[in-house]
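Subject: Structure handover

Hi,

Here is the structure I promised to pass on. Please open it first, then read my notes below.

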Amino acid sequence: MFKRHKSLASERKREIFSRGATRSILKNDLRNFHCLSHFVLSAGPLKSIPVVKHSKTTHFEIEVLDAQTRKQICIVDKVIQTSTIHDVKQKFHKACPKWYPSRVGLQLERGGPFLKDYITIQSIATSSIVTLYFTDLGQQVFLAEYTGPLLIYLLFYLRIPYIYDMKESSRRLRHPVVHVACFCHCIHYIRYLLETLFVHKVSAGHTPLKNLIKGCAFYWGFTSWIAYYINHPQYTPPSFGNRQVTISAINFLICEAGNHFINVILSHPNHTGVNACFPSPNYNPFTWMFFLVSCPNYTYEIGSWISFTVMTQTLPVGIFTLLMSIQMSLWAQKKHKIYLKKFNSYMHRKSAMIPFIL
């Protein structure tokens, strides 16, 4: 009996101990769950992981054709949808460095309107290959600038009605210098037009609309003023007569010829672009000016207008020559500094425009 009572007592102790242990475990579990739930709530709502979308970019191929000849100039590839006409012009300039973006005019059709720089390729593309027509806007600017003075001077030379008094024009005979001046003026601008079409390489920085307005206002305005004075019925001939006119006209033609030959040399591929070399004189005597100055084309240009001033002996021509001399001296000095950096060994003892002076 005593042993059985003792065994029952020990079983009750074990049962009580196991119940206590279970309660303590439950209490610990509740504490842990409470801490975990508190930590999760304090962390805030769960953020969804963004899904990465792999979009396929479409590339276009731009075929650039000459608007006049329809010949292919180049192909601009790897052009994305969001690219604009301005971006195409930049890539076109990299492929053809002689045409700067400000000179490039692009059209969807020949004779159509020029595309604005902000237009996207996606808005005009009908397939992966886009054909655009190229027009050199820089050339158009200079053609407009030089065609105007040629025609304006001829209108004053013909003494059309409503400019001069017809009775006075019919009574007074023209001095030979009037005819010589018209001939020289026409030769000057005809040379400009031909060189613009076949010789000149227009430099950078020419914004078509801005330069067109500024250039036309300057050249057309001064031509009207000059032509009005020289072709006026009361025009007074030069002080030294025909000798002054003849010497000045000969010197004018020499400077015009020199200017032309210098421009032909400067247009050579060896003297343009990034890897250009400094022009060197050749067998042509007009090119020997390169021994003395770095910009002989400006030297000959100023020589032509000084000769024209002496030949006509008029104030408007003198003012025009002065302004042209100031502008060309600034251009010559700027180019001279560039030449000094690139061709220092060739520029020894050379002036920019006027030998030994400037």
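Start with Glu301. This is a predicted model, and in it Glu301 is buried, with a relative accessible area of 2%. The cut-off for buried is under 20%, so Glu301 qualifies.

What does Glu301 meet? Its side chain and that of Arg191 form a salt bridge, at 3.5 Å from N to O. The two sit in distant parts of the chain. Glu301 belongs to helix α9 (residues 296–312) and Arg191 to helix α6, 110 residues apart.

Arg191 has other partners too. Glu256 is one of them: the closest N and O atoms of that salt bridge are 2.7 Å apart. Here Arg191 in helix α6 meets Glu256 in helix α8 (residues 241–266), so this pair ties together parts that are 65 residues apart in sequence. Glu195 is another partner, with 3.0 Å from N to O. That contact stays within helix α6 (residues 176–198). Arg191 and Glu195 are four residues apart there, about one turn of the helix.

Are these partners buried or exposed? Arg191 has 9% relative accessibility, so it counts as buried. Glu195 has 1%, so it is buried as well. Glu256 comes to 4% and is also buried.

Put together, Arg191, Glu195, Glu256 and Glu301 form one network, joined by salt bridges that share partners. The salt-bridge count comes to three.

Now the sheet. Four strands make it up, in the order β2-β1-β4-β3. The sheet is open and its pairing is mixed. Which strands lie at the edges? They are β2 (72–80) and β3 (104–107), each pairing on one side only. On average, neighbouring strands are turned by 30 degrees against each other, direction ignored.

Helix α2 (residues 85–95) packs on this sheet. The helix touches β1, β2, β3 and β4. Its direction makes about 130 degrees with that of β2.

As background, strands of a sheet pair through backbone hydrogen bonds, either parallel or antiparallel. Both kinds can be followed here from β4.

- Parallel: β1 (residues 59–66) joins β4 (residues 129–136) through six bridges. Ile62 stands opposite Val130. Asp66 stands opposite Phe134.
- Antiparallel: β3 and β4 pair over four bridges. Leu106 has Phe134 of β4 as its bridge partner.

Look at Phe134 when you trace these strands. Phe134 stands opposite Asp66, and it is also the bridge partner of Leu106.

Why is β4 described as largely enclosed by the rest of the structure? Six of its eight residues are buried, so the description fits.

Last, a record to compare with the model. An unreviewed UniProt entry lists residues 146–164, 211–230 and 314–332 under "transmembrane region". I have notes on two of these stretches.

- Residues 146–164: the chain is 63% helix and 0% strand. The end C-alpha atoms are 25 Å apart.
- Residues 314–332: the chain is 95% helix and 0% strand. The end C-alpha atoms are 27 Å apart.

For a quick tour, begin at Arg191, where the salt bridges share partners. Then go to β4, which pairs with β3 and with β1.

Best wishes

Terms used:
Residues are numbered from 1 along each chain as its sequence is written. This is a predicted model: local features need pLDDT of at least 70, side-chain atom pairs count only at pLDDT 80 or more; totals for chains, interfaces and linings use all residues. Side-chain values use heavy atoms; hydrogens and water are left out. Two strands pair if DSSP finds at least two bridges between them. Axes are lines fitted to C-alpha atoms, for helices over the stretch in contact, and angles run from 0 to 180 degrees between N-to-C directions. Contact means heavy atoms within 4.5 Å. Buried means under 20% relative accessible area, exposed over 50%, partly exposed in between (1.4 Å probe, protein chains only). UniProt positions are given in the numbering used here, feature names are shortened, and annotations may be inferred rather than shown by experiment. A salt bridge is a side-chain nitrogen of Lys or Arg within 4 Å of a carboxyl oxygen of Asp or Glu.
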